Amino acid sequence: MKRQNFIKKGLLGSGIFTATTSSGNILENDIDEIEPLQTLDANDMTYNSDTLENHSVLHKASSRGHADHGWLTSNHTFSFANYHNADRMHFGVLRVLNDDVVAGGKGFGRHPHDNMEIISIPLEGDLEHEDSMGNKAIIRKGDIQVMSAGTGIIHSEYNKNTDKIVKFLQIWVYPNKRNVTPRYDQITLDVSQRQNRFQQILSPDPNDDGVWIHQDAWFYMGHFENGIESNYKIKQAGNGVYIFVLKGSITVQGQELDTRDGFGIWDVSEINLKSNTDDTEVLLMDVSMVLN
């Protein structure tokens with residue numbers, strides 16, 4: 001595989017803000033800005049004690065970074081904000097995987113991003129989005145939201161309800177094209193199509209199933225009964241697969257994973273997954289291991 005360096009500047013305006021739905025444009029930044037991203041080599045994976053055989057890495061749920069800001073609790077699979085771990089900067093082009101819970105009526109006030117593909121996957125509750133492109137929408141479980149930050153966007157995300165929490169995954173992927181025109185999209189999926197199989201929710205092709213991003217990446221979600229097996233073929237030579245268990249237990253290539261465990265594997269052409277429990281939910285991310 002051709003070696004290319006991940007040399008990235010610090011993210012524009014990557015501070016995280018808190019605000020209530022009644023506070024309008026008043027912002028309070030109570031979370032430190034993310035540190036500038038260090039020089040990384042996508043093909044020089046050094047995971048120390050996390051490294052397993054056959055080019056794979058295990059991230060147990062309990063080993064993730066954790067933040068509790070009262071209105072927001074978040075678990076970080078990769079380095080983010082106040083959580084910095086040199087061994088957990090990324091998996092290929094997958095840069096951020098945050099597991100967020102937002103209190104009723106609270107949220108992220110208006111803040112900027114640039115040159116990042118940002119995907120939100122709601123798991124529970126109603127998340128209200130508004131951005132500088134004029135988009136205003138509510139996303140719920142079964143929806144997938146994507147933003148190409150490109151040359152720069154400003155957006156906010158709030159818990160629409162005051163009496164219940166919102167749970168969602170926030171995922172950032174490095175793009176393969178810089179300074180594109182910013183865009184926003186969201187779709188509602190038929191979740192019955194992921195019963196005992198993987199449903200595609202994201203790809204590089206605007207005409208394909210799910211949303212699309214500027215990157216050679218394919219995301220899938222599956223909902224499996226106990227004992228169901230599935231073989232997944234990697235979409236593109238040189239890609240790796242990162243698997244995140246939303247609920248239940250699975251075995252991947254002989255490695256058992258439980259709720260909120262993550263497992264990345266590369267230099268393989270296909271993988272085998274088996275559900276060990278009923279009502280198992282899995283997110284599979286097939287991503288380029290090299291920054292374009």
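Here are four short exercises on this predicted model, each with a worked solution.

Residues are numbered from 1 along each chain as its sequence is written. Because the model is predicted, local features need pLDDT of at least 70 and side-chain atom pairs count only at pLDDT 80 or more, while totals for chains, interfaces and linings use all residues; side-chain values use heavy atoms, with hydrogens and water left out.

**Exercise 1. Find Asn239 and work out what its side chain reaches.**

Step 1: Start with the strand. Asn239 sits in β22, residues 239-247. Strands here are DSSP runs of E with at least two residues, numbered from the N terminus.

Step 2: Check the accessibility. Asn239 has 2% relative accessibility, so it's buried; that word means under 20% relative accessible area, with exposed over 50% and partly exposed in between, using a 1.4 Å probe and protein chains only.

Step 3: Look for polar contacts, meaning pairs of N or O atoms within 3.5 Å; within protein, one must be able to donate a hydrogen and the other to accept it, and residues adjacent in sequence count only if both atoms are side-chain atoms. The Asn239 side chain meets the side chain of Asp286 at 2.8 Å. It also reaches the backbone oxygen of Asp216 at 3.3 Å.

Step 4: Widen the view to contacts, which are heavy atoms within 4.5 Å. Leaving out residues up to four places away in sequence, Asn239 touches several residues, including Trp218, Ile234 and Met289.

**Exercise 2. Place strand β8 in its sheet.**

Step 1: Take the pairing rule: two strands pair if DSSP finds at least two bridges between them. Strand β7 (residues 65-68) joins β8 through 4 bridges, running antiparallel. β8 also pairs with β9 (residues 94-102), again antiparallel, over 5 bridges.

Step 2: Pick out facing residues. Asp68 has Thr73 of β8 as its bridge partner. On the β9 side, Ser74 is opposite Asp100 and Asn75 is opposite Asp99.

Step 3: Look at the turn. The β7 and β8 hairpin has 3 residues between its strands, and Gly70 there takes a positive phi near 85°.

Step 4: Read off the whole sheet. It's open, has 7 strands and runs β7-β8-β9-β16-β11-β14-β17 with antiparallel pairing. β7 and β17 (183-188) stand at the edges with a single partner strand each, so one side of each has no neighbour in the sheet.

Step 5: Ask how enclosed β8 is. In this strand (residues 72-76), 4 of the 5 residues are buried, so the rest of the structure largely encloses it.

**Exercise 3. Which parts does the salt bridge of Asp99 and Arg260 tie together?**

Step 1: Apply the rule: a side-chain nitrogen of Lys or Arg within 4 Å of a carboxyl oxygen of Asp or Glu. That gives 10 salt bridges. For Asp99 and Arg260, the closest N and O atoms are 2.7 Å apart.

Step 2: Locate both ends. Asp99 is in strand β9 and Arg260 is in the loop between β24 (255-257) and β25 (262-265), so the pair links parts 161 residues apart in sequence. Both residues are buried.

**Exercise 4. Is Lys136 buried or exposed, and what is its salt-bridge partner Glu128?**

Step 1: The side chains of Glu128 and Lys136 meet at 3.7 Å, N to O.

Step 2: Glu128 has 13% relative accessibility and counts as buried. Lys136, with a relative accessible area of 57%, is exposed.
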